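Subject: Handover of a structure and its findings

Dear colleague,

Please find the structure below, together with its sequence. My notes on it follow.

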Amino acid sequence: MLYEAFPLAFLAEMTGCVATTGQQSILDIKPDSFHQRTPLYIGSPVMVENLVGFLA
C-alpha cells in the first residue's frame with residue numbers, strides 16, 4: 001500500500017480521478033504495517049462508481 005497504492009492514489013486524485021478500496025478513499029487509510037495490502041480501484045469518478053456498484 002505504501003509503495004504503490006498511496007502514490008498512485010495521490011496522482012489520480014490530483015488529476016480529478018478517484019482511488020478507492022471500494023469502501024473508502026485510499027488516502028484516508030492509516031497503514032498498520034509497511035507491507036499492508038488493500039484492494040485498489042482507480043479511474044474516473046463515473047467508472048469507479050459503476051464498478052463499485054457492480055461489485056456490491
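Is Tyr41 buried, partly exposed or exposed? Tyr41 counts as partly exposed because its relative accessibility is 24%, where buried means under 20% relative accessible area, exposed over 50% and partly exposed in between, computed with a 1.4 Å probe on protein chains only.

Before the details, a word on the basis of these values. This is a predicted model, in which local features need pLDDT of at least 70 and side-chain atom pairs count only at pLDDT 80 or more, while totals for chains, interfaces and linings use all residues. Residues are numbered from 1 along each chain as its sequence is written, and side-chain values use heavy atoms, with hydrogens and water left out.

Overall organisation

The protein chain has 2 helices and 2 strands, which follow one another as α-β-β-α from the N terminus. Helices (H or I, at least four residues) and strands (E, at least two) are DSSP runs, numbered from the N terminus. The radius of gyration of the protein chain is 11 Å, which agrees with the value near 10 Å for a compact globule of 56 residues. That radius is taken over C-alpha atoms, and the globule rule is 2.2 Å times the number of residues to the power 0.38. The C-alpha trace spans about 30 × 25 × 15 Å along its principal axes. Of the 56 residues, 25% count as buried. Contact means heavy atoms within 4.5 Å; of the contacts with a separation of 6 or more, 43% are between residues 24 or more positions apart.

The strands: Tyr41 and Thr20

Tyr41 belongs to strand E2. Leaving out residues up to four places away in sequence, Tyr41 touches Val18, Ala19, Thr20, Thr21, Gly22, Val48, Leu51 and Leu55. Its C-alpha atom is 13 Å from that of Met1, which is 40 residues apart from Tyr41 along the chain.

Thr20, one of the residues that Tyr41 touches, is in strand E1 (residues 18-20). Thr20 counts as buried because its relative accessibility is 10%. Two polar contacts involve its side chain: one reaches the backbone nitrogen of Gly22 at 3.0 Å, and in the other a polar atom lies 2.9 Å from the backbone oxygen of Gln24. A polar contact is a pair of N or O atoms within 3.5 Å; within protein, one must be able to donate a hydrogen and the other to accept it, and residues adjacent in sequence count only if both atoms are side-chain atoms. Beyond four places in sequence, Thr20 touches residues including Ser25, Ile26, Pro39 and Leu40.

The loops

Thr15 lies in the loop between helix H1 (5-14) and E1. At 62% relative accessibility, this residue counts as exposed. A polar atom of the Thr15 side chain is 2.8 Å from the backbone oxygen of Ala12.

Leu27 is located in the loop between E1 and E2 and counts as partly exposed at 34% relative accessibility. Beyond four places in sequence, Leu27 touches Phe6, Ala9, Phe10 and Glu13. The C-alpha atoms of Leu27 and Phe10 are 7.2 Å apart, with their positions 17 residues apart along the chain as the separation.

Gln36 is in the loop between E1 and strand E2 (41-43), and its relative accessibility of 19% makes it buried. The Gln36 side chain reaches the backbone nitrogen of Asp32 at 2.6 Å. Apart from neighbours within four places in sequence, Gln36 is in contact with Met1, Ile29, Lys30 and Pro31.

Phe34 is also placed in the loop between E1 and E2, but is exposed, with a relative accessible area of 60%. Outside its neighbours within four places, Phe34 is in contact with Leu2 and Tyr3.

The largest pocket

The largest pocket has a volume of about 170 Å³. Its lining consists of Met1, Leu2, Tyr3, Glu4, Ala5, Phe34, His35, Gln36, Arg37, Thr38 and Leu40. These lining residues divide into 6 nonpolar, 3 polar and 2 charged.On a 1 Å grid over the protein atoms alone, a pocket is an open set of points where a 1.4 Å probe fits, with protein on both sides within 12 Å along at least five of seven lines, and lining residues have an atom within 4 Å of a point. Grid points are joined across faces, edges and corners, and the volume is the space filled by probe spheres set on the points. Ala, Val, Leu, Ile, Met, Phe, Trp, Tyr, Cys and Pro count as nonpolar, Asp, Glu, Lys and Arg as charged, and the others, Gly among them, as polar.

With kind regards
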